[in-house]
Amino acid sequence: MVIPSNQALIDGELYVPGLPAEYVAERFGIAPADVAKLGSAENPHGASPKALAAVKEAESRLAIYPDWTARALRTAIAEKYGFDPDGVVCGSGETEVISMVIRAFAGPDDTVLMHKPCFPLYRIYAHCEGRRPLYAPMGPDFEFCMDEYLALLAQRPRIAFLTSPHNPCGRLMEIDDIRRVCEAADDATLVVLDEAYIHYSETEGGMHLLREYPNLIVLRTFSKAFGLAGLRIGFGIANNVGLIDPLRRIKPTWNMGQVQIAGGVAGINDDAHVARAVQTIVENRAYVASELAKSDRFSMVPGSRSNFFLTRILDPELGATHVFNELLKRGVIVKDGNDIIGLGDRYLRVDVNLKKHMDRFLWALSEIRPH
Ligand SMILES: Cc1ncc(COP(=O)(O)O)c(C=O)c1O
């Protein structure tokens with residue numbers, strides 16, 4: 001028996017996540033600790049120790065419903081960045097906030113502007129809700145082509161996504177370019193600035209623009225520099241609290257559990273843990289760039305300010321899925337460009353992680369031959 005469901009859900013594509021280390025370890029007989037897990041952009045140093053301690057302490061409250069708006073966490077986030085707690089909404093990962101934004105600010109058949117390629121969940125959630133993605137092209141080295149983006153913005157989509165640093169290329173957007181988008185969007189379009197990876201750019205990002213632009217919301221996550229991908233915490237923040245109110249109304253009521261709230265409150269102020277991750281990423285990003293510069297078969301797409309970069313396959317006899325599979329056999333997990341719309345067969349997305357993992361990646365690449 002097939003009970004019909006929303007047709008858009010059936011037609012839609014699925015997200016292809018980075019593979020788990022256990023899969024590669026079991027399939028190829030490699031010790032899990034040796035697997036270079038470079039497909040999910042996780043923190044090389046694990047979870048924030050402050051968050052871990054708070055999570056343990058939260059066990060005593062597991063029988064009690066959490067505050068449904070996660071007030072303690074909203075307050076901690078608001079204090080950290082200097083905004084009103086009513087200007088913050090929390091989600092079970094930033095991905096939940098993305099889905100809420102699409103549902104709350106675009107109606108069926110409305111358009112949602114995003115880059116191609118981009119974080120696939122903007123497109124997938126837009127599609128699932130019957131909203132129409134509008135794609136802005138990127139340049140040959142994945143530059144943000146602002147003229148083209150602004151021309152599409154003139155069509156007045158309901159939402160305009162910007163990702164800085166961008167996923168999958170890692171580029172940081174100029175603050176002046178974000179301003180241009182907010183100004184052109186005016187009151188027709190909500191501008192959503194996704195700063196999931198901002199710590200790795202070593203800049204403060206665009207949160208200060210919230211005070212100038214009432215049509216702007218910034219999204220961030222605890223999954224990256226805070227090392228809490230498994231805890232599932234993300235948030236949206238705006239100076240215009242009117243942007244947050246509709247999100248709070250549609251969010252799943254108790255979407256943040258006691259453990260998430262406690263871990264987030266402690267993690268947001270674990271500056272030492274964030275600094276350690278940033279230092280490792282910045283050092284090893286430079287290291288892998290200098291090593292890949294010696295290769296005539298692969299190169300690094302320039303400009304990443306994130307904890308991943310695009311590897312371009314120069315060897316005409318190699319394709320992304322073949323390289324992806326050959327890397328797996330050698331204990332290296334990356335993302336296959338063929339799984340990311342707008343990326344394709346000449347690219348892999350590769351995380352920056354500990355030096356030993358980057359060395360394994362470089363070694364495995366050097367071993368790969370055509371079919
Ligand atoms: C650009 C971007 N935004 C948001 C997220 C979502 O992060 P999470 O749902 O783990 O908070 C990711 C995760 O990969 C991402 O790449």
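1. Let's start with one residue: Glu 57 has a relative accessible area of 48% and is therefore partly exposed; that label covers values between buried, under 20% relative accessible area, and exposed, over 50% (1.4 Å probe, protein chains only). Its partner Arg 61 is also partly exposed, at 28% relative accessibility. The two side chains form a salt bridge with an N to O distance of 3.3 Å. A salt bridge here is a side-chain nitrogen of Lys or Arg within 4 Å of a carboxyl oxygen of Asp or Glu.

2. Some background before you read on. This is a predicted model, where local features need pLDDT of at least 70 and side-chain atom pairs count only at pLDDT 80 or more, while totals for chains, interfaces and linings use all residues. Residues are numbered from 1 along each chain as its sequence is written, and side-chain values use heavy atoms, with hydrogens and water left out.

3. The search of the whole structure turns up 20 salt bridges. In general, side chains of opposite charge can pair when their charged atoms come close. Lys 37 and Glu 42 make one such bridge, with the closest N and O atoms 2.9 Å apart. Lys 37 is partly exposed at 22% relative accessible area, and Glu 42 is partly exposed at 28%.

4. Next, have a look at Asp 315 and Arg 297, whose side chains meet in a salt bridge at 3.5 Å, N to O. This pair links distant parts of the chain, 18 residues apart: Asp 315 is in the loop between strand S10 (308-313) and helix H12 (320-329), and Arg 297 in the loop between helix H11 (271-292) and strand S9 (298-300). Helices (H or I, at least four residues) and strands (E, at least two) are DSSP runs, numbered from the N terminus. Both Asp 315 and Arg 297 are buried.

5. There is a network too: salt bridges link Asp 147, Asp 177 and Arg 180.

6. Now for the ligand. There are 13 residues around the ligand (a heavy atom within 4 Å), and Glu 94, Asp 194, Tyr 197, Thr 221 and Ser 223 come nearest. In the side chain of Tyr 197, an N or O atom is 2.5 Å from a ligand oxygen atom. Asn 167 has a polar side-chain atom 2.8 Å from an oxygen atom of the ligand, and Arg 232 likewise has one at 2.8 Å from a ligand oxygen. Taken alone, the ligand exposes 400 Å², and the protein buries 93% of that (Shrake-Rupley method, 1.4 Å probe).

Technical notes. A polar contact is a pair of N or O atoms within 3.5 Å; within protein, one must be able to donate a hydrogen and the other to accept it, and residues adjacent in sequence count only if both atoms are side-chain atoms.
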